[in-house]
Amino acid sequence: MSKNLVIVESPAKAKTIEKYLGKDFTVKSSFGHIRDLAKGDGAIDIEKGYLPNYVVSPDKKKIVTELKKLAKGADMVWLASDEDREGEAISWHLSEVLGLKPSNTKRIVFHEITKTAILHAIENPRDIDQHLVNAQQARRVLDRLVGFQLSPVLWRKVKPSLSAGRVQSVAVRLIVEREKEIQAFTTSSSFKIQGQFEASNKTIIADVSKRPKSAEEANAFLESCNGAAFSVGEITIKPAKRNPAAPFTTSTLQQEASRKLGYNVSKTMMLAQRLYENGHITYMRTDSVNLSEFARNGAMDTITNEYGAAYSKPRKYSTKDNNAQEAHEAIRPTSFDVNQAGDDDGQQRLYQLIWKRAIASQMSEAQLERTTIDIVNDKNNDVFKAKGEVIKFDGFLKVYLEGTDDEDEEEDSGLLPKVTEGQNLGILDIRATQRYTRPPARFTEASLVKRLEELGIGRPSTYAPTISTVQKRGYVVKDEIEGKSREFHNLLLKNNKIIRETLSENYGADRNKMHPSDIGRVVTDFLIEHFGKVMDYGFTASVEKEFDEIAEGMKNWSEMIDGFYKPFHKNVEKTLETAERATGERKLGDDPKSGKPIIARIGRFGPMVQIGEQDDEEKPRFASLSKGQNIDSITLEEALDLFKMPRILGELEEKPVKANIGRFGPYIQHDKLFASIPKEEDVMDIELDRAIELVFAKRKADAERLIREFDEDPTTQILNGRWGPFIKSGKKNFKLPKDLEDPSKLTLEEVKHIMENQPAKGRAKAKPKATVKSKPKKAAKK
C-alpha cells in the first residue's frame, strides 16, 4: 500500500495528477461531494444554531468505504480538491467522514494541474481553511432554508410542484422586468440621412447628424440638397490607440464563448473543466484578472518568438472588485508554447479562445489613425461627416479582438480617399431611410451573466447552475420568437429627382434569447409583492458580500443566517395566512355564443383560458395555451380558436386522427394511442401526413419498450423505462425488486404479488418546518 494517499474530486483530475507523482503516491477520486444536507425537514436544526445534518449519499458509500481503507493504510493523506470554497468544503467533508487525523492530513491547493504546480503544492501544504468551509456552508444552508420555505408557499398560492431559490428567483426577475420594458416600449421613428459622394473616381459615404421625424421633413431636406454644389470642408486627423482586454475571468469567458463560439454557459464550463483537469488551462472558476510573473514571462517569450519584440508589452492587470477571492489567477493556458489543445473540437475551440485572449493581453496596443471629413454645400448649413479608421500598427489585433453585445454599434469605415479642403465633390445620391427605435434587447445567457456580475449577484461558481436551473424549472425559455412585418419609407435623391418608395421589414424576431414563461411572470410578481427584500437586487448582493466576510473570518456564519432567517420565516407564515392566490388572471372579453367571460390565467396544469366562472351553475370550459401563446398577450380571437380543439385531421386505418392540447402539452390521438407533438411544431398547423408519422414513431417506441404482456390481463405490462424495467398496470406504475435478474420471465401471479407488496410512497408536507427531530451529524465550527 502506498505511503501517500492523494484525494481529488474527479477521476480525470486524478489521472492527470498521478502522472506527475511517483510510485509512493496513490491518487483517488471522491467523485465530487461525498455527503450533503439530508433531504426533507431533517436537514437543518434551527433551534441548535442552524446546525446542518449531513448524510453520506447512497451512491457514495462504496467510495467512502474504499477511501477509509486506503487512508487507514497511508502514512499521509493529501486533500487536493479545488481551491475555491466548494473545493474546501469537499476536503472538510472528506476529513470528517473518513475520520482523518490532523497529524497525518495535509491540504494542498494549486490553480493549474502541471508537474511544477503539483510538486510546489506538496512542498507547501496547509490546513483546511475553516473560514472558506463556513462560507460554503452558509450559502448551502441559507439556500436550503429559502428554497424549502418559499416552495410550499408557491404550491399553495400559485401552482403545485413549483420551487423557488434565493439567487435563481432574482435572476428570473431580471428577465421578467426586461420583458416588461420591451412590452411597454413605445417605438418612434426618424430618418437616417446618408450621402454617397465621388472624389477622384472613389466613393465617400457620409452621414448627417440631423434625423428628420417625418417623411415630409426628410423630403424637405432632400429638396434643399437638390442641385447643391458639395465640397470638402474641414479634415481632422487624430492618432488613436486600442488596448487589449484583460485575460478571462469565469464570467468574461462565458460571455465571449457565447458571442464567438455560440456556446451556452453550461457547455463552456463543462469544456473548461475538462481542459483544466487535463492540465491545459488554469482553474476555470475565478474572478481574478491577474497573471503570475511566470505566466507573463511565458507569454513574452511566445510573443517575441512568434511576432517579434515590437508586439510584446507585458502588463499587470488588477481586479476592480476587492472581494475577488475564488482563485489567484485569471484563466490562461498552462503553457503559452501550446496554442492547440483539447480532446475534441469543442475543447480545442475553447482552448484557442483562452490562448488568444491571454496572449493578446500581453501584447502592444494597436496604433490607429482616425480621420473625419466634413462635406459642406452651398444650399444649407447641414454638414455630412465621413469617418474612417486606419490601422497603422496592429499590435494585439494580430491575434484577437473582443466581441460585443451591442446590436446597434456601428463601425467606422476603413480607409478614406485622399482629399483636400475646398475640393469639389460629385454627388452620387442622398438617401433618407426611416429607422425605428428598438426596445432593450432580451438577455442572452452571456449578457445575463454580465448583468448578474455588475449587480454583485452570485459568484463564478454560481452563474452556470443559476441559468441552467431557471430554464429547467420552466420559468425562463429560449423559444424562437417570430417577428412581425411593418412598412418603412425610403426617399432617394438621384439625378436631381427624389424617388419615394414604401418598403417592408421584419422586426421583433429573436432566437436563442431568454424570455419569461407565464409561470415565471406570475411567480416573480407574487414574490416581489410578498417577499420584496429577498427579491431585491441590492439585498441579494449584500448577502454575497456577507459570504465573503465569512470566508475572510470577519463574520460568524450562524449569526449571519439568523439575521436573515427570523424575519424571513415570519414573512413566510404571514404570507401563507393572508396572501391571495396568484393566477395572473386577465379578462379577454365575452364568449359570443354564451355571453360568459373568457379569462386567461395560470391553472393547475399551467397557462390556460376558460369560458365562465367557477361559481356558475354550468361548469367552466378550459383550454390550454398552444406554442408561442402567453396569458399577457393572447387575444380573444386566439382564445376562441383553442376551444375548437380537438382538430380532426383525417383518418388512419378507418379511425380519426386528432390534434389536441392537454395538461402535458400538444399531442396527436389515434384510437387509444397518444403521441406528443414536438415543441417546435404548432398544434394549429400540423397536417395529417405529419400526424401519421408521429403515430407510427410512437408505435415503434412503445414496441421497443415492451418487455412482457399478459393475454389474461391486457392492462398490465412490464416495460423498459428511464430508470430501468417497471410494471405498468392501468394508470399506475410499480417498481421491480432490484435483485430481479430477468423481468421477462415473471408470471402474472408474481407481478400481482409485487404490486400488492409495493411500499407506500411518502408524501411531501406543504407547511414549512423550522426544526428537525433526527440527531444531526457533526457540522463545521462556527
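Here is a short exchange about the charged side chains of this predicted model and how the terms for them are applied.

User: Before the details, what is the make-up of the chain in helices and strands?

Analyst: Happy to start there: the chain has 19 helices and 30 strands. Of its 782 residues, 48% are buried.

User: How many positive and negative side chains are there, and how many salt bridges?

Analyst: There are 126 positive and 120 negative side chains, with the centres of the two sets 5 Å apart. Searching the whole structure gives 45 salt bridges.

User: Why is the pair Arg442 and Asp510 called a salt bridge?

Analyst: The N to O distance between the side chains of Arg442 and Asp510 is 2.8 Å. A salt bridge needs a side-chain nitrogen of Lys or Arg within 4 Å of a carboxyl oxygen of Asp or Glu, so the pair qualifies.

User: What makes this pair a tie between separate parts of the chain?

Analyst: Arg442 sits in the loop between strand S14 (424–436) and helix H12 (445–455), while Asp510 sits in the loop between strand S17 (497–507) and strand S18 (515–516). Those parts are 68 residues apart in sequence, so the pair ties them together.

User: Are Arg442 and Asp510 buried or exposed, and how do you know?

Analyst: Buried means under 20% relative accessible area. Arg442 has 13%, so it is buried. Asp510 has 14%, so Asp510 counts as buried too.

User: How do you know that Arg178 and Glu181 form a salt bridge?

Analyst: Their closest N and O atoms are 3.9 Å apart. The cut-off is within 4 Å, so Arg178 and Glu181 meet it. Both residues lie in helix H6 (residues 166–184), three residues apart, which is about one turn of the helix.

User: Why is Glu181 called partly exposed?

Analyst: Its relative accessibility is 41%. Partly exposed is the class between buried, under 20%, and exposed, over 50%, so Glu181 belongs there.

User: What places Asp702 and Lys698 about one turn apart, and what is their N to O distance?

Analyst: They lie four residues apart in helix H18 (residues 688–705). Their side chains meet in a salt bridge at 2.9 Å, N to O.

User: Which exposure class do Asp702 and Lys698 fall into, and why?

Analyst: Asp702 is at 29% relative accessibility, and Lys698 is at 28%. Exposed would need over 50% and buried under 20%, so both count as partly exposed.

User: Which residues are joined into one network by salt bridges that share partners?

Analyst: Arg139, Asp143, Arg166 and Glu544 are joined in this way.

Definitions and conventions: Residues numbered from 1 in each chain as written. Predicted model: local features only at pLDDT ≥ 70, side-chain atom pairs only at ≥ 80, totals over all residues. Heavy atoms only, no water. Helix = DSSP H or I, 4+ residues; strand = E, 2+ residues; numbered from the N terminus. Buried < 20%, exposed > 50% of the residue type's maximum accessible area, 1.4 Å probe, protein only. Lys, Arg positive; Asp, Glu negative; His and termini not counted. Charge placed at Lys NZ, Arg CZ, Asp CG, Glu CD.
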